[in-house]
Amino acid sequence: MSKVKTTNNSGKRKQEKGSALNGDSPLAVGGELHQIAGGEHPALTTNQGVALADNQNSLRANPRGPTLLEDFILREKITHFDHERIPERIVHARATGVHGFFELTASLKQYTTARILTEVGEKTPVFTRISTVAGGAGSVDTPRDVRGFAVKFYTKEGNWDLVGNNIPVFFIQDAIKFPDLIHAVKMEPDRGFPQSATAHDTFWDFISLTPESMHMVMWIMSDRTLPRSLRMIEGFGVHSFRLINDVGESTFVKFHWRPKLGLQSTVWDETVKISGADQDFHRRDMFEAIAAGNFPEWEFAVQLFTQEEADRFPFDHLDATKLIPEELVPLQVIGRMVLDRWPNNFFAETEQVAYCPSHVVPGIDFSNDPLLQGRLFSYLDTQLARLGSVNFHQIPINAPKCPFGNQQRDGHMQMAQPSGRVSYEPNTLSENSPRETPVKGFHSAAVTETGEKGRIRAESFADHYSQARQFYLSQTTYEQAHIASALVFELSKVGHGHVRKAMVGHLRHIEKDLARRVAAGLGFDKMPAAPEAAAPVQAMEPSPALQIIGKMKDTLMGRAIGILIANGSDGAVIKTIKKAATDAGASVKIVAPNVGGAKLADGSMLAVDGQLAGTPSVLFDAVAVILSSEGAKALSTEGAAIDFVRDAFGHLKAIAADKGGQALLKIANVGRDAGIVDTSDKDAFIAVAKTRQWDREKSIRTLA
Ligand code: HDD
């Protein structure tokens, strides 16, 4: 039987261009690459370095016979493949990771010895991983969920991991409740769903029995959990930490990240549709921004306060369900973080990166927050289970970029080859082995602990409603309405009536009108009883810094504009709108019924970026509709075109339309308001495109 040619792999591959994205490299691990004589490619080898003559066919006893056990090439390849997956993170499995740098702009020398916080102008490499919490690694980017915000600083004094969220408070006060919280929020164990959603019985059952979670509930029901882009979220270290200076004095600190592009979220209906249109919406957005050189940036800010100041706060700062309002302790901006390089390899970096809140550097220490104290144990433990070895710190993404060494030895996957006979300290036999550094080394804060040992929750942790109320009252009327609608949506997915009632009972302590709206939305004819509050609800000044709308920036930087066209559209109008949007900092995509392009009025062909059905308006911040009258007619029976304009309107976006565009709007029954402008006034379009049309909302959605 003659041999059949099974592949042609002699074709040249183009190296990808792009400053921030890395080109292909054949092997990430060191070692010599075998060049095929006279060829351009390195030789394909086994893991033992044996060059392969044939990677298309396994070894058979005869051309149509059984495969032979002897085929070590097949066995090595399949075995490696079978072991490719490692256990995914129990939480925060789905994520986007990016390299970048941190630069200090103001020194905290007075408060800390940590170089990263004292050397102004010094750039420290970072790897930042932004995640959802509940969904698995393959889940969508856009459920209603908290976003993890974890930053690994590769400082000259060791790695510092600031493992925070995009919300400054947490559900629970004590780490011992974390497994219960996560079991309640994850898919229900008997049925295996829902994947990555809080809208189900077990979550709300647990929450309704956990009054300390009420403040966090207000945050997760707000649009904070529906970010427009990962580049437009805040980050918080959540807990109080300590800074320690050169004379051993300690100051409490809270850490904050503030996005340069401003805060921005989507509305719920938009989020739901984005999840279908692009499951990788946030990851793709970040990838495209980095590829285009639009590097996202965050300010790094601190809130500093002393023990005496903390003693005067009307809450306990060691309780992670409380935040310190900016109005009480102002934020001081001390640095910036820029993310500017996409990883070479998702698994090697984003998957294998291991963050631990216990990774701090000299000059930074922990507070007694019981949630933080539990986390100091949990993360190291999880990395051992997940990465399979005590040597996970040797994986390149986890290895410090400063010199490091000790007498720890051996273990699974040991990559280092320490020489010499000494593997202990102190010793007299080796001059070069690592020793203690009494002055520069890590010192814990000299804190005196007194009091009774026991499983006791401090009384200062008893107030569960005051800050929840403060958060709600600090919102704009639109944001309050979104919180109420979110609660109605979520609780409507809860089958057990007693859980729905219990939740509304809690809301009565937070704000009467909120409780009334949610009770009405759930169809209650009688207001459920409020549970007894463990502490009286205090009146706290509203804090506008807690809004999203108040923190949106009037800009098109980092935003996206979609232009819907069809055959016969006017090229000059398209060009004008595109230029105006790009000049204002937006990225622009042309959307048309056919991916092959559109034939414009002047007969020329225009390339398109997205086909209509696959590129709905939910993927943009504002849209333009530029059509000939024939084009409008052709699209009038296209559901995707009708949805394009209806959704843009319903999601409070600006719409620019020429005559044909207006015709489509009319067919789609889209009303007119200040957010709908003529394409002839490009400046008016850019002005309205920079924001959402909040006033429109009351005409399309029940907000009461
Ligand atoms: Fe956690 C991962 C943030 C409480 C136990 N957590 C994880 C990640 C983030 C946070 C951002 C993903 C890190 C990455 O990208 O790899 N977690 C928080 C915040 C909390 C918090 C802001 C409260 C303020 N976590 C918390 C508690 C416990 C854990 C109380 C356990 C007692 N968290 C874990 C974990 C994870 C984790 C199970 C899963 C994967 C990992 O650690 O590396 O150990």
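This report describes a predicted model, covering its ligand shell, an open sheet, a helix packed on that sheet, and selected backbone geometry.

## Ligand shell

The ligand is surrounded by 24 residues. Those closest to the ligand are Arg 89, His 92, Arg 129, Gly 148 and Ser 378. By class, the shell comprises 13 nonpolar, eight polar and three charged residues.

Four secondary-structure elements each contribute at least two residues to this shell: strands E2 (123-132), E3 (147-155) and E4 (158-165), and helix H9 (370-387). The greatest contribution is that of H9, which supplies six residues.

## The six-stranded sheet

An open sheet is built from six strands in the order E15-E12-E11-E16-E17-E18, with parallel pairing. Strand E15 (610-611) and strand E18 (676-678) occupy the edges; each has a single partner strand, so one side of each lacks a neighbour in the sheet.

At the E15 edge, the partner is strand E12 (residues 587-592), and the two strands pair in the parallel sense over two bridges. Within this region, Val 591 is located opposite Gly 610 of E15.

## Helix H18 and its partners

Helix H18 lies across four strands, namely E11 (560-564), E16 (622-625), E17 (654-657) and E18. Relative to E17, H18 runs at about 160 degrees.

H18 (residues 682-689) also meets helix H14 (residues 571-583): their axes come within 10 Å and cross at roughly 45 degrees. H14 is therefore oblique to H18. The crossing of the two helices is right-handed. On the H14 side, the contact is formed by Thr 576, Ile 577, Ala 580 and Ala 581, and on the H18 side by Lys 682, Phe 685 and Ile 686. In terms of class, five nonpolar residues, one polar residue and one charged residue make up this contact.

## Backbone geometry

Most peptide bonds are trans, and most residues other than glycine have a negative phi. The following residues are described against that background.

Phe 193 and Pro 194 are joined by a cis peptide bond with omega about 0 degrees. Pro 194 belongs to the loop between helix H2 (178-185) and helix H3 (201-208). A cis peptide bond also leads from Glu 425 to Pro 426, where omega is near 5 degrees. The loop that contains Pro 426 lies between H9 and helix H10 (466-473). Val 238, a residue other than glycine, has a positive phi near 65 degrees. This valine, Val 238, is situated in the loop between strand E5 (235-236) and strand E6 (241-244).

Terms used: Residues numbered from 1 in each chain as written. Predicted model: local features only at pLDDT ≥ 70, side-chain atom pairs only at ≥ 80, totals over all residues. Axes fitted to C-alpha atoms, helices over the stretch in contact; angles between N-to-C directions. Parallel < 35°, antiparallel > 145°, perpendicular 65-115°, else oblique. Left-handed = near helix turned anticlockwise from the far one by under 90°. Contact = placed C-beta atoms within 7 Å. Nonpolar A, V, L, I, M, F, W, Y, C, P; charged D, E, K, R; others polar. Pairing = 2+ DSSP bridges. Near = placed C-beta within 6 Å.
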